[in-house]
Structure formats: structure tokens, C-alpha cells
Amino acid sequence: MTEETPGFEEKPDVPSGATSDDAEPKAASSSEEGAAPAGDANTENAGLVAQLDQVRTALGERTADLQRLQAEYQNYRRRVERDRVAVKEIAIANLLTELLPVLDDIGRAREHGELLGGFKSVAESLETVAAKMGLQQFGKEGEPFDPTIHEALMHSYAPDVTETTCVAILQPGYRIGERTIRPARVAVAEPQPGAQTVKAEGADEGTPADDKENGGPEEG
């Protein structure tokens, strides 16, 4: 049995060449290593947030570019459709304009009673096709003269009109929708010059006579 010497305490074994002071720095470095992972995590989170902001910014820019391209494409489609309709209308108008002399001949033949037999059937078929393509005839006797749709070829005065009036249709006018492809060629008549003045003067001259007949004052 070993006897312990009173008055002495046992000390931990220290490796040869090392002192007790060397053990304290090792403990401090261990505590620093335990704190390092928390700082690295914060740095990594900050980097991820920055990357997320960059991705969001890029996504917003790409979305705006896509919306702009879509709007430009829609405008392009509308413009192409509008141009297609305009080209179609111009082509139809040019074709019908070339047919107007034929339609005039048909109209004159109808007026003279020469639209008979097979010629009548062909003429009516042509007029039907022209109407389906949108051709409309206008111009009637007695309607007021409108320089935007009428072309006056003859001019006269008439006592029975109160404004410039179409008194004869020399050639009918034609339009497609709101577009006039040929104005109606007409003869116009205006009110007789001085008719209103003469009438007014006659009314003034009759006033004293009426006063006299009604027992008005007489001279002397």
C-alpha cells in the first residue's frame, strides 16, 4: 500500500518540454473556432440575398422586354391587317372604276328600251356582281346640289327652285362605302335672279292700296 506524503498535491502530467502556460492559448483558440461558423453563416446569407436581388432585377427587366415585344407584335398585326384591308379596297375600287363605262352603256340601253334578251341577262348579272362588291349608285333629280358628290356640267335658272338644285342626272355617281369613286354629273338650276326682290317690291307697293281699301287715311 502506497503512502501519500502529507502536504503535497498531485499535479497533472505535463508533456516534456511544455509548461502549464502553453495549455491556456489552446483553450482560447478552441473558443475562437467555435465562434467562427456563425460569422461565416451571416456572410453567406448576405451573399445569397444579394444574388436574389440581382435575379429579381434581371427577371423584371426580361418581363418588361417581353411585354414590350408583345405590344409591338400586336401593333404590327393590326397595321398589317389595316394595310391588307386598304389594299383590297383599292383593288376593288380600281376594278369597278374600269367597269363604270360599261355600266353607263347598260343604263343608256335600259333608258332606250334596248336591254333585251340575252344582253339583258348578262347586264343584270354584271350589275348584281358590282353591287355585291360594294358599288352603290347615287344621284337623283330634285336633290340639292352638293359639290362634294356632284359635278355640275350644265347651269340654268328656274323660278320654281329656292336653292341650287339638280334638275337632271347626266351620269349617275358611284361610291364604295363612304368613298366616292365618281361624282354624279348633273345639270343644276338656281333661283331666278331678282325673283325675291320683285316679290318684295310688289308687296311693298300693295300696302297703300290695302290701307285705302280698309278705310285708311286719305290725303286732302
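This section describes the fold, the nonpolar cores and the charged contacts of the chain. The model is predicted.

The chain holds 3 helices and 6 strands. Read from the N terminus, the order of elements is α-α-β-β-β-β-β-β-α. Two helices thus open the order, six strands follow, and a helix closes it. The chain has 220 residues, and 14% of them count as buried. The accessible surface amounts to about 17500 Å². Carbon and sulfur atoms contribute 54% of that surface. Contacts were also sorted by sequence separation. Among contacts with a separation of 6 or more, 65% join residues 24 or more positions apart.

The nonpolar interior was examined next. The largest nonpolar core comprises 13 residues. Leu 96, Leu 100, Leu 103, Leu 135, Tyr 174, Ile 176 and Ile 181 have the most contacts inside this core. Three elements each supply two or more residues to the core: helix H1 (23–111), helix H2 (117–132) and strand S4 (173–176). H1 provides the largest share, with 6 residues. Tyr 174 illustrates how the core is connected. Neighbours within four places in sequence are left aside here. Tyr 174 then contacts the core residues Leu 100, Leu 103, Leu 135 and Ile 181. Its contacts also include Asp 104, Gln 136, Gln 137, Phe 138, Thr 180 and Arg 182. A second core, separate from the largest, has 5 residues. Phe 138, Cys 166, Ala 184 and Val 188 are among them. Phe 138 therefore counts as buried, since a nonpolar core is a set of buried residues. Phe 138 of this second core is in contact with Tyr 174 of the largest core.

Aromatic rings and charges were then considered. The search for aromatic pairs gives a count of 0. A charge does sit over one ring, that of Phe 138. Arg 175 lies over the face of this ring, at 4.2 Å from the ring centre. Phe 138 thus has a place in the second core and also carries Arg 175 over its face.

Salt bridges complete the description. The whole structure contains 7 of them. Three are described here, beginning with Arg 62 and Glu 61. In this pair the closest N and O atoms are 3.7 Å apart. The pair qualifies because the cut-off for a salt bridge is 4 Å. Arg 62 is exposed, at 51% relative accessible area. Exposed means over 50%, so Arg 62 falls in that class. Glu 61 counts as partly exposed, at 43% relative accessibility.

The next bridge joins the side chains of Asp 65 and Arg 68, with an N to O distance of 2.4 Å. Both residues lie in helix H1, 3 residues apart. This spacing separates them by about one helical turn. Asp 65 is partly exposed, with 28% relative accessibility. Arg 68 is also partly exposed, with 45%.

Glu 81 and Arg 84 form a further bridge through their side chains, at 2.6 Å from N to O. This pair too is placed in helix H1. Its members are 3 residues apart, about one turn of the helix. Glu 81 is partly exposed, at a relative accessible area of 38%. Arg 84 is partly exposed as well, at 47%. Helix H1 thus holds the bridges Asp 65–Arg 68 and Glu 81–Arg 84, and gives 6 residues to the largest core.

Notes: Residues numbered from 1 in each chain as written. Predicted model: local features only at pLDDT ≥ 70, side-chain atom pairs only at ≥ 80, totals over all residues. Heavy atoms only, no water. Helix = DSSP H or I, 4+ residues; strand = E, 2+ residues; numbered from the N terminus. Buried < 20%, exposed > 50% of the residue type's maximum accessible area, 1.4 Å probe, protein only. Contact = heavy atoms within 4.5 Å. Areas by Shrake-Rupley, 256 points an atom, 1.4 Å probe, with all protein chains shown as cover. Phe/Tyr/Trp six-rings, centres within 6.5 Å; stacked < 30°, edge-to-face > 60°. Lys NZ or Arg CZ within 6 Å of the ring centre and 35° of its normal. Core = buried A, V, L, I, M, F, W, Y, C linked by side-chain atoms within 4.5 Å.
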